[in-house]
Amino acid sequence: MRARLPLRLARTAAFAAVCVTLAALAHVLGGGAAPAPQTAALGLAGVSALGLALCGRERSAGTINLVLVGAQLGLHELFAGEGASYVSVHGHAQGGLAVNAGMLLTHLTATVITGLWLSRGEAALWSLLRRVGRRLAVLLSPAAVPVSRPGAPVVRTRVVPPQPGFRHSLARRGPPLPA
């Protein structure tokens, strides 16, 4: 099943908004400065272009997480490069590896949370679309004229007469008696 433009735009908007918002939040929680509105808008445009290119059909959780990791790294670089030099922002001049590890951890946490949320939403959306599509196909098909439904099907069985030796015997099998 392929997505048409209105659905693609809605999915792209949801993906981009969640991705950029969580990237900015993770960037701030990781020790960076909040991105300027124009920088966030630039990131939103970039992620929207990426999302629009990829949202034509259902994607797996692995694909979603892979794209999110790339988007988070790109947004991190965009947010970190705003108004400062690369060396001082990335901790080579201040804080060392601890700042980078914290920033990386928060971006990856945001990626995992977003990936799980989006993949579950993706599966639910496509499941709903398939169900609605099947219902509409049944309703719109020419054979959808109401027909009288027959009653319960008649099941015919053949009764085999018991063997002559068992005709007068009585079976009293049941649970064992308590000890």
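Which residues form a nonpolar patch on the surface? They are Leu 128, Val 132, Leu 136, Leu 139 and Leu 140, with about 530 Å² of accessible area together. Patches are made of residues with over 30% relative accessible area and no salt bridge; like charges are joined within 9 Å, and nonpolar side chains (Val, Leu, Ile, Met, Phe, Trp, Tyr) within 5 Å. Accessible areas come from the Shrake-Rupley method with a 1.4 Å probe, and for residues only the protein chains shown count as cover.

This is a predicted model: local features need pLDDT of at least 70, side-chain atom pairs count only at pLDDT 80 or more, and totals for chains, interfaces and linings use all residues. Residues are numbered from 1 along each chain as its sequence is written, and side-chain values use heavy atoms, with hydrogens and water left out.

**Overall layout**

The protein has five helices and zero strands. From the N terminus on, its elements run α-α-α-α-α. Helices (H or I, at least four residues) and strands (E, at least two) are DSSP runs, numbered from the N terminus. The accessible surface comes to about 12,900 Å², and 68% of that belongs to carbon and sulfur atoms. Of the 179 residues, 23% count as buried. Buried means under 20% relative accessible area, exposed over 50%, and partly exposed in between (1.4 Å probe, protein chains only). Among contacts (heavy atoms within 4.5 Å) between residues at least 6 apart in sequence, 86% join residues at least 24 apart.

**Helices H1 and H3**

The expected span of a helix is 1.5 Å times one less than its number of residues. Both helices below agree with it.

| Helix | Residues | Expected span | End C-alpha distance |
|---|---|---|---|
| H1 | 25 residues | 36 Å | 35 Å |
| H3 | 20 residues (61-80) | 28 Å | 28 Å |

H1 has many buried residues listed, including Phe 15, Cys 19, Val 20 and Ala 23. After H1 comes Gly 31, whose phi is positive, near 110°. In H3, the buried residues include Leu 68, Leu 75, His 76 and Phe 79.

**The core**

The largest nonpolar core has 14 residues. Phe 15, Cys 19, Val 47, Leu 68, Leu 75 and Phe 79 have the most contacts inside it. H1 and H3 each supply at least two residues of this core. A nonpolar core is a set of buried Ala, Val, Leu, Ile, Met, Phe, Trp, Tyr and Cys residues joined through side-chain atoms within 4.5 Å. Leu 75 touches Cys 19, Val 20, Ala 23, Gly 43 and Val 47, not counting residues up to four places away in sequence.

**Polar residues under cover**

His 27 lies in H1 (residues 5-29). It counts as buried because its relative accessibility is 2%. Leaving aside neighbours within four places in sequence, His 27 is in contact with Gly 32, Ala 33, His 76, Phe 79, Ala 80, Met 103 and His 107.

The count of salt bridges comes to one. A salt bridge is a side-chain nitrogen of Lys or Arg within 4 Å of a carboxyl oxygen of Asp or Glu. Here the side chains of Glu 122 and Arg 11 meet (2.6 Å, N to O). Glu 122 lies in H5 and Arg 11 in H1, so the pair ties together parts that are 111 residues apart in sequence. Glu 122 is buried, at 10% relative accessibility. Arg 11 is buried too, at 12%.

**Back to the patch**

Leu 140 belongs to H5 (residues 97-140). Its relative accessibility is 69%, so Leu 140 counts as exposed. In soluble globular proteins, nonpolar side chains tend to be buried together.
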